[in-house]
Amino acid sequence: MPETRSSSFTIKQWNPLDRPREKLLRGGRLSLSDAELLSILIGTGNRKENAVELSRRVLGACGNSLKRLAAYSVSDLTRFEGIGKVKALTIITALELGRRRRDETQDEKPRITSSHSVFQLMQPLIGDLGHEEFWIIYLNGANRMESRVQLSKGGMTATLVDVRLIFKLAIQHGATSIILCHNHPSGNLTPSEADKYLTRKIVKGGELLDIKVLDHVIITENGHFSFVDEDLI
């Protein structure tokens with residue numbers, strides 16, 4: 001049986017002016033498409049696709065959304081022929097660096113004024129995760145964030161929270177109030193009975209220490225639910 005050959009050219013066969021690396025050097029980073037930038041990270045394609053074609057297919061699988069691509073795991077990425085663990089880790093690392101750079105541009109001590117401001121602060125961090133995480137935002141007397149801390153990391157439906165640790169850290173940070181925050185990977189914004197029970201438990205603990213629980217906000221990729229807005233606190 002004759003060997004099947006790809007009808008596509010390798011990048012080395014392209015006009016040098018069209019090659020992603022040369023294009024980047026010549027025209028700067030804004031001259032490249034997302035697929036071309038991604039192709040520089042992965043370097044090579046596979047037997048049927050060059051690096052740019054492979055990159056276009058990867059981006060197409062996540063709706064051409066870098067945000068969705070950033071949520072891909074190593075196993076998600078290695079399903080594409082031509083992307084092994086090393087290339088997958090390179091992609092994940094680059095996107096994580098981009099996220100951290102974006103975080104650095106934010107106010108170091110943003111003022112929390114509403115549940116929407118909590119959503120804006122936390123959605124980039126936990127909104128598109130495939131597992132549940134529980135975070136505490138520690139605030140000073142001016143409602144500015146002193147710190148945000150991940151208390152626990154769990155599975156798809158539940159996570160364990162150490163209430164004692166919440167208030168130990170509040171005292172260490174000199175916080176006068178806190179905001180509870182966790183994500184629902186399912187996209188369902190409705191709080192569970194466990195969410196409600198935990199919230200009541202933390203509110204009571206805060207009353208004893210004079211540390212007010214201002215809100216509990218559930219985050220998804222596209223929205224949020226506020227216990228305060230819905231009169232549950």
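Which strands does helix H9 (residues 193–209) lie across, and at about what angle to S4 does H9 run? In this predicted model, H9 lies across S1, S3 and S4, running at about 160° to S4. Here is a short tour of the fold around that helix.

**Overall make-up**
- The protein has nine helices and five strands.
- Along the sequence, these elements follow the pattern α-α-α-α-α-α-α-β-β-α-β-α-β-β.
- Of the 233 residues in the protein, 38% are buried.
- Among contacts with a separation of 6 or more, 57% are between residues 24 or more positions apart.
- About 13,800 Å² of the protein is exposed, with carbon and sulfur atoms supplying 53% of that area.

**The sheet**
- Five strands form an open sheet in the order S2-S1-S3-S4-S5, and their pairing is mixed.
- Strand S2 (145–153) and strand S5 (224–226) stand at the edges with a single partner strand each, so one side of each has no neighbour in the sheet.
- On average, neighbouring strands of this sheet are turned by 20° against each other, direction ignored.

**The S1–S3 pair**
- Six bridges join strand S1 (residues 133–139) to strand S3 (residues 177–183), and the two pair in the antiparallel sense.
- If you would like a spot to look at in this pair, Trp-135 stands opposite Cys-181 in S3.

**Helices on the sheet**
- Helix H7 (residues 115–126) packs on the sheet and touches S1, S2, S3, strand S4 (212–219) and S5.
- The direction of H7 makes about 50° with that of S4, while H9 runs at about 160° to S4.

Methods. Residues numbered from 1 in each chain as written. Predicted model: local features only at pLDDT ≥ 70, side-chain atom pairs only at ≥ 80, totals over all residues. Heavy atoms only, no water. Helix = DSSP H or I, 4+ residues; strand = E, 2+ residues; numbered from the N terminus. Buried < 20%, exposed > 50% of the residue type's maximum accessible area, 1.4 Å probe, protein only. Contact = heavy atoms within 4.5 Å. Areas by Shrake-Rupley, 256 points an atom, 1.4 Å probe, with all protein chains shown as cover. Pairing = 2+ DSSP bridges. Axes fitted to C-alpha atoms, helices over the stretch in contact; angles between N-to-C directions.
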